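User: Please take a close look at one cavity for me. Start with who lines it, then put it in a wider setting.

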Amino acid sequence: MLSATLMLDGGSLCADEAAPTFKHRVTGLFSPDREQDLRGVLEQLPGITLQSLDYAHAEAVFQYDPAVVFKGTKPEDIAKRFDEKIRAASSNTFGIQPLYLVPHDQLKSVEIAVVGLDCKACSLAAYETVAKIEGVTQATASFREGKVTALIDPARTNQAALEKALKKKQVSIPSTSKP
Amino acid sequence: MRLQLPLCLLAGTTLPALLHAAAPAPLGAFLESHCHECHDADVHKGDLDLTALAMDFNRPETFARWVKVFDRVQSGEMPPAKKARPSLKQMEGAQLWLKEQLLTADRTHLQNLARTGVRRLTRAEYENTVRDLFDMPGIALAGELPADGSAHGFDKNSDALDISHVNLAKYLEAADHTLDLAIATRPEPPTVQKRRISLANRGGFVAHIIMNGDGVLLKDKKPDPDFPPAGEQAHLDQGAHERMGSFTNGSSVGLFRHEDESVSPYFMEHVTIYPGLYRLRTSLWSFQWDKGVVLPAPGTGAARLSVVQLTGDGRGGQHPSYVLGYYDAPSMDSQVHELTTWLNHNEIIGFNPASLAPVAIYSRKGRAMAFTGPGIAVDWLEVEGPIHPQWPPAAHQVLFDNLPLTEWIPAEHEGKRAPVRKKIRQIGAGMNRPDADKGLWTVSSKDPLQDADRLLARFLPKAFRRPVEPEVRQEYLARVEARLKAGDSFESAMRYAYQAALCSPDFVYLLEPPGPLDDFATASRLSYFLWNSQPDDRLRELASKGQLRQPEVLRKEVERLIQSPRFERFIEDFTGQWLKLRSIAANDPDKKLYPEFSPYLQDCMVAETRSYFHELIRSNLDAGHLVKSDFAMLNQKLATHYGIPGVTGTQMRKVALPADSPRGGFLTQAAILKVTANGTTTSPVPRGAFVMARLLGQPPDPPPPNTPAVEPDVRGASTIREQLDKHRHETSCASCHARIDPPGFALEAFDVIGGFRSRYRSIGEGDNAPRGAIDPLIGISFKLGPAVDASGELPDGRKFQDIREFQSLLVTQKDLLLRNLAQQLAIYATGRDLAFSDRPALELIVQRTQAQGGGIRTLLHELVQSPLFQTR
Amino acid sequence: MHPPRLARRSGLSRRAFLRGTGFSLSLPFLEAMQPAFARAAETAPVGAPRRMVCIQTNMGIMPQLFFPSEAGISYTATPYLDTLAAHRQQMTVFSGVSHPGVTGGHAAERCFLTGTPHPERGGFRNWISLDQLAAEQVGNQTRYPSLTLAMSGEGNATLSYTRSGAPIPSDKSPKKLFQKLFVQGRPEEVAASVEALRQGQSTLDFLGAQSRRLNRLLPKADQDRMDQYFTSVRELEQRLHSSEAWEQRPKPAVDAKAPEDIDDQREFVARTKLMFEVMKLALETDSTRIISFFIDTTVIHNITHHGHRPEVIAELQAKETAQFEALNDFLTALTGTKEQDTTLLDRTMVLYGTPMGSANSHSNVNLPVLLAGGGFKHGQHLAFDQQNNYPLTNLYRTMLHRLGIADESFSTSNGTLRGLEMA
C-alpha cells in the first residue's frame with residue numbers, strides 16, 4: 001500500500017483526505033468549456049476526482065488512491081494506465097501526459113490567427129495538430145475566436161513550426177507565413 | 001385497297017373432305033394469272049420463282065416458302081395493290097387448297113412428335129423453384145448459373161437451353177449452397193437484433209463527404225447547431241469529429257450529392273451475418289437548401305434503397321447490388337417506410353438520393369454555404385432480424401421434418417464423422433454481432449434408415465413435381481445407407497441424397513409425357529407459365545386428386561395464380577423478353593445529348609412497362625391498348641419526363657391522360673423507345689421492325705447481305721429520314737421498307753430516352769434549346785437541330801401526320817395485335833414455336849377471347865383452356 | 001493416323017482403377033483412363049510443348065487503319081500494324097478471309113472459333129470451338145486442359161464451345177485466375193478437395209444412372225436432348241478425375257504477386273493488360289497450353305457508331321491503338337521468355353482478330369485477323385480475295401496441324417491455309 005505522501009510522476013501534494021492527490025498534465029483542454037467535459041469523463045472513472053485545474057498550463061490535480069484505482073499496476077506505469085483509462089472513456093479526446101520539466105516562466109506564449117468553421121471538433125483537430133509537436137506544453141484552439149494559442153518551449157520549437165503543421169492539416173492561416 | 005379473307009377460312013377445325021387432295025388446279029390457275037408475271041424464272045422478284053417451286057410440302061424449305069406465299073396472299077400484301085385484283089372466289093379456292101395441303105403435311109410431319117422439346121429450367125425458373133421449395137425467398141443462385149440462350153424470342157425453349165459440364169458443376173455448387181442455408185445448425189434461432197443506424201457511420205465515406213460540404217447534418221429540420229455546414233472552409237479531420245461524437249448524436253444526414261463513380265453511400269453499420277428475412281424501416285424527407293437555410297423542397301424527392309453484396313475486394317460502388325426500391329421523401333415531413341426483405345451473408349443496405357441532379361459541392365467555392373438546391377435527408381435506418389416465424393425454419397423442415405436437433409458429442413459418435421460447418425466471415429464494420437457459438441448441433445435420428453425413407457418420400461415428389469416410384473426412392477435411400485456405413489452423420493448422409501436430387505434431371509428438367517399432359521405436368525406448365533416457378537401445395541393437391549384439368553377448376557386456378565404476388569414474376573420475365581426490357585441497359589445515352597438521363601429514370605421506365613402490362617391484365621383490357629390508351633401507369637419522375645402535370649411520388653399509379661397525349665400504350669413508353677435505339681440516335685428501321693415483329697406478329701425479312709447500315713449524322717446536317725431516302729426510291733428496298741419504316745417514322749417524335757421532341761437534338765449546329773422539364777441544376781449544351789417529320793404512309797395508302805394519327809390507325813388492327821400477343825404467350829407458355837398446324841388452335845383462342853370482349857386476361861384463360869397448352 | 005472421336009466406353013473402367021493397388025500419378029497411367037486424350041501422346045511432337053492462344057476483340061477493328069494495301073513481305077505498315085512493328089517478322093497479317101456462311105453482325109461473336117454458319121437463325125447450334133478440340137487432344141498434359149478467359153462485364157462472353165454446342169463460361173478475374181494457377185492449397189485443403197472430388201464423382205455416377213433411367217422412358221427426340229445431360233455428366237466426371245490427380249501435385253511457383261482486379265469497366269485496356277500478364281505466367285509455367293480470350297469492348301460500342309464525327313473517330317482510333325499496344329506488350333513478354341533454344345512466342349501461336357469486318361456495316365466478311373508466333377514463316381501480308389473470301393477455318397486447320405492434331409478438316413475448312421508454311 002502506497003503512502004499518501006509518495007511522489008509520483010509530477011509529484012503529489014500532501015493530502016489530508018483519505019485519497020492522495022497527484023498533479024498531471026492533461027491533453028485535450030483546448031477551450032475553457034472542456035473543463036466541464038473533463039468532469040463528465042471522470043464520472044466514468046470511479047475513484048478519480050478533479051480537485052483543481054490550471055487551464056493556462058494544462059495541468060490538473062486529481063485525487064485517487066492508486067492502490068484501489070490502479071491495483072496491480074507498478075508505480076512507474078500508473079500515469080500511463082491513467083492515460084489509457086481516460087482515453088478509453090473520452091473517445092481519445094483527453095489524455096494524461098507527464099508534467100513538462102521546463103519551469104513555466106521559461107515557456108513562451110504564441111498566438112496564431114486562424115480561420116475555420118465554428119465547430120468544436122475542428123477546434124479539437126487544430127488543437128491536436130499543435131499539441132503533439134515536441135515542445136508544445138499547452139494549447140488552445142477556437143475557430144469562433146479565430147485563434148490558436150500555445151505555450152511552447154522555445155528551445156524545442158517555434159511559431160513557424162506550429163503554423164507549418166496547421167497548414168499541412170488544411171487549417172487556413174490568413175496572415176502570410178514567415179520562414 | 002386491302003383484301004382480307006373472312007375469318008371462317010382460318011377457323012380450320014375440320015374442313016369437308018371433298019376439298020382435300022383436289023388437283024392443283026385452283027392454285028395453279030391462280031398463280032398463273034396473278035403471280036407468274038413477276039415471280040417466274042426471268043423476273044423472279046424478291047428472289048422467288050414460283051414456276052420452279054415444287055408442290056412438295058414435305059421438304060422443310062419448300063414448305064416454309066409455301067407458307068410465306070400463303071401468308072402474303074392472306075394478308076393482302078400480294079398481289080401488290082397496283083395489280084389486278086383476283087376475284088374472291090379465285091382467291092378463296094386457291095388459298096383453301098393450299099392451306100389444306102400445308103396443314104396435312106404439317107400434321108403428318110409432326111405426328112407422334114413430342115412437340116415441346118424436353119428442356120431444363122431456365123436460370124430464373126431454377127432460382128424461383130429453389131426459393132419456393134425451401135421458402136427462402138432471397139437465396140441467390142441465378143447469377144452463378146451460365147446464361148441461357150434464346151429461341152423464337154424466349155429462353156423457355158429447349159433450343160435455347162443447352163447443358164454442359166459447366167451447368168452440372170454449377171448445379172452441384174448451387175445445391176450445396178442451398179443446403180448450407182436450409183439446414184438448421186443450432187437449437188434456437190439467431191438472436192433478433194434491432195438497431196437504428198445512421199448513414200454517416202464511423203470511418204465511413206458519407207461522413208467524409210459531409211465534412212466537405214456534399215451533405216449536411218440536420219436536427220429538428222434545421223442545420224445541426226453543433227456541426228456548421230462546410231463553407232469557405234471544410235471541416236478538419238474526420239477522426240476528430242467522430243471522436244467528438246459529431247455523427248452519433250442522432251442527427252439526420254442531408255445529402256446534396258447523387259451517387260457517382262467516387263461516391264456510394266452505404267449503411268455500413270449493419271452487415272448481415274445470418275441469412276434470412278429482415279424488417280427495414282427508414283425515415284426520409286426532402287428539403288431545399290439555400291446557403292445555410294433549410295426551406296421547403298420544390299417537391300417530393302425520391303431516395304433509393306439497394307442491397308449491396310460486400311465482397312471483401314472491390315472499392316465502394318463496384319460491389320454487386322440490386323435495387324430494393326424507390327421511396328418518397330416528402331418536403332419537410334419525415335415519412336417512415338417499412339419493408340421486409342431477405343438478406344444474404346455480408347449484404348448491406350445502400351442509399352442514393354435518386355431524384356437529385358448530379359452535383360459536386362465539395363469542389364465549389366463556398367461549398368454548402370454557397371449552394372442553393374435540393375437535398376434528401378435520411379433520419380435513420382432501422383434493421384431488425386433475422387425474423388424466423390418458426391424454428392427450425394421451413395427450409396429445414398422440408399428436409400428433416402421435426403426430427404430433434406441435438407448437440408453432437410464426439411464421444412457419443414465413435415467412428416463417425418461430425419457434420420461440417422462452414423464459417424462465413426463478416427466483412428466490414430457492422431455493429432451487429434454474431435451469437436456466441438453454441439457448439440455443434442445437428443439433426444438426430446433414432447432409426448436412420450426408416451427416417452431417411454420417410455423424409456425422402458416427403459421430399460422427392462415435392463422436388464420432382466410428380467409422384468416418385470418406390471424404386472427411384474430406393475436408389476436415393478441406398479445412397480444414404482452407403483454414406484451412413486462410410487461413417488457420415490445422419491445429416492451428412494441425407495445431404496448426399498438431397499444434393500443429388502437437386503441436380504438430377506428429374507428436378508432440373510421439365511418432364512412431360514407426350515400427347516395430352518397429365519395433371520402433374522399441367523400443374524407444372526401452369527405454374528412455370530404464370531409464376532415462373534414450381535406448383536404450390538394447392539396445385540399439387542388438385543393434381544393428385546386428378547381434378548386440375550377440369551375446365552372450371554383450371555379457370556379458378558388461373559385466376560388464383562393471377563391474383564397472387566408471384567404473378568409479378570411472369571410480368572417481369574415475359575415483358576423482359578417479349579418487349580426486350582432485359583436489354584434496357586444495353587446502351588448508355590450520350591451525356592451531352594441527354595444530360596437529364598439517370599439510372600432512376602431508367603428503372604422507372606421498366607417499372608412503367610411492367611405495371612402497364614399488369615394493369616391490362618388486371619382490368620382485362622383489350623389488345624388495342626397495346627398501342628393506344630387513355631391512361632398510363634406513371635410516377636412523378638415519368639410524369640415529369642412526359643410533361644404530364646399533377647403526379648407526385650415514387651409509386652406507379654394509373655393516371656388518366658389528357659385527350660391529345662401521345663402517351664398510353666407500349667408504343668410510346670420510354671422503355672420501348674430506349675431498347676429500340678442506341679445511346680446517341682434513333683432510327684426508324686429498328687423501331688419499325690420492333691413494331692412489326694413484337695406487336696403485329698409480322699417480322700420483316702432480314703436485309704440482303706452486305707447492305708451497309710446507315711450511320712445517322714449527329715452533326716445535325718441531315719435527318720435520318722433523309723438518309724433513308726433510298727428505302728423509298730429503290731424498289732428492291734421499298735418492298736420491305738414500305739412496311740418497316742412508317743411506324744419508325746411516327747416514332748421519330750421520340751428520342752432515345754423516350755422524350756417527346758419536335759426537333760432533333762444535336763451537338764453541332766442548331767438553336768439554343770429551352771430547358772423544359774430538365775432539372776435546373778443540369779447543364780444543357782445540346783442544341784436544337786432540324787425539325788422532326790413524323791408523318792408517313794401505310795402500305796395500304798392511309799396516311800398519318802404524326803404519332804397520334806398513327807396510333808389511331810394502328811389500333812384498328814386490334815385482331816393482329818391480339819393474335820400476335822396470343823402467339824407470343826403460347827410460345828412462352830408451351831416452350832415451343834408454333835407450327836402451321838397450330839394456327840387453327842390459336843385462331844380458336846383468339847376468337848373465343850374476342851367473343852368475350854377481347855380482354856387480355858380472358859386471353860390468358862383461353863390459352864390455358866386450349867389444347868395448344870394442354871398438349872405436349 | 002487420325003485421333004479417334006471422343007469415345008465413351010473404351011479404356012479402363014474407373015472402378016477398376018480405384019480398386020487397383022495404390023494410386024499412381026504417372027502420366028501414362030492417366031492417359032489410359034481418358035480414351036479421348038489417349039492417342040495425343042503418340043502424335044504430340046517431341047521436345048518443348050506447343051501452345052495456342054486465341055483472342056477475339058468483339059467490337060471490330062477499323063479496317064482502314066489495319067489492312068495494308070500491298071501484299072507480301074514488303075507491305076507498308078498501317079497505323080495499327082505499326083504498333084506491332086517490333087514483331088513484324090514474327091507475324092502474318094491476313095485480308096480477304098472470313099468464315100463461310102457466318103453472318104448476323106454481332107451474333108458472329110459466337111462463331112469466331114467455331115465457324116458454324118448462320119448464328120443469327122433460330123435453332124442455331126454451335127459446333128466445338130478450335131481451342132476445345134485442341135484441348136481434347138493435348139489438354140491432359142497440363143493441370144488445366146485449357147483456360148477460357150474474358151475481359152468483359154456481364155453476360156456470357158466466351159469463345160469456347162463444347163462438342164454439344166454449349167458455351168463454356170469464361171474466367172473474368174485476373175486475380176482469381178492467378179490464385180487458381182499458383183496459390184497452393186493447404187494440405188488439409190488438398191485432402192478436402194480430393195475427398196470432395198471423389199464425392200463429386202460419385203454423385204455424378206449416380207446422376208448418370210438417373211438420366212439413363214429416364215432416357216429409357218422418353219420418346220426418341222427427347223433422348224437426344226437428355227443425351228446432352230448425360231454427356232455433361234461424363235465430361236464433368238472426367239474433369240473431376242483429372243483434377244483429382246492434379247490436386248496431388250504442387251502448383252508451380254512464380255516470382256510474381258497476385259494482381260488486383262480493376263473493376264472499372266471503362267478501363268478495358270488496363271483490364272486486358274492485366275489478363276495478358278496472368279496468361280503469360282500460365283503459359284510460362286505450363287499450367288495450360290490452350291487459351292481462349294474474349295476481349296469484350298462493348299463499353300465503347302457507342303463510339304463505334306461514330307456518326308462520322310471526326311473527334312469520335314479519333315477517340316475510337318485512340319482506343320483501338322491502345323488495344324494493339326496491349327497486344328504488343330503481350331507478344332514482347334512472350335518473346336522475352338526463353339524456352340530451350342527458342343522463345344515462348346516461337347512455341348505459342350497467337351491468333352488475334354474480330355468477328356466483324358467493319359463495325360460500321362456489321363458485315364462479317366473481310367475480317368481483320370493476324371497470327372503471331374508458333375513456329376511459322378511469318379513476316380508477310382497474305383491477301384486473299386476481298387470479293388470472294390477465303391475460309392478462315394483453313395487457318396484453324398493449319399493451327400491444329402501445328403499442335404500435332406492431324407484432323408482432316410475443321411468446321412467449314414476445305415484445306416490448310418495457302419501460303420502459310422511451318423518454320
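Analyst: The answer below starts with the cavity and then turns to chain A.

This is a predicted model. It holds eleven cavities of 30 Å³ or more. Let us take the second largest, which contains about 90 Å³ of space. Its lining is made of 13 residues. Closest to the centre are Gln193(B), His270(B), Tyr278(B), Gly385(B) and Asn432(B).

Now look at the elements behind the lining. Two of them give two or more residues each: strand 2 (193–197) and strand 13 (372–387) of chain B. Gln193(B) falls in the range of strand 2, and Gly385(B) falls in that of strand 13. Strand 13 of chain B gives the most, with four residues.

What is the chemical mix of this lining, counted as nonpolar, polar and charged? Five residues are nonpolar and five are polar. The other three are charged.

Next, chain A. Here we turn from one cavity to a whole chain. Chain A has 179 residues, and 47% of them are buried. Its secondary structure comprises five helices and eight strands. Along the sequence they run β-β-α-β-β-α-α-β-β-α-β-β-α.

Contacts tell us about the fold of chain A too. Take those between residues at least 6 apart in sequence: 61% of them join residues at least 24 apart. Last comes the surface. Chain A exposes about 9200 Å², and carbon and sulfur atoms supply 51% of that area.

Notes:
Residues numbered from 1 in each chain as written. Chains lettered and ligands numbered in written order. Predicted model: local features only at pLDDT ≥ 70, side-chain atom pairs only at ≥ 80, totals over all residues. Heavy atoms only, no water. Buried < 20%, exposed > 50% of the residue type's maximum accessible area, 1.4 Å probe, protein only. Contact = heavy atoms within 4.5 Å. Areas by Shrake-Rupley, 256 points an atom, 1.4 Å probe, with all protein chains shown as cover. 1 Å grid on protein atoms, 1.4 Å probe; cavity = no way out; pocket = protein on both sides within 12 Å on 5 of 7 lines; lining within 4 Å. Points joined across faces, edges and corners; volume = space filled by probe spheres on them. Nonpolar A, V, L, I, M, F, W, Y, C, P; charged D, E, K, R; others polar.
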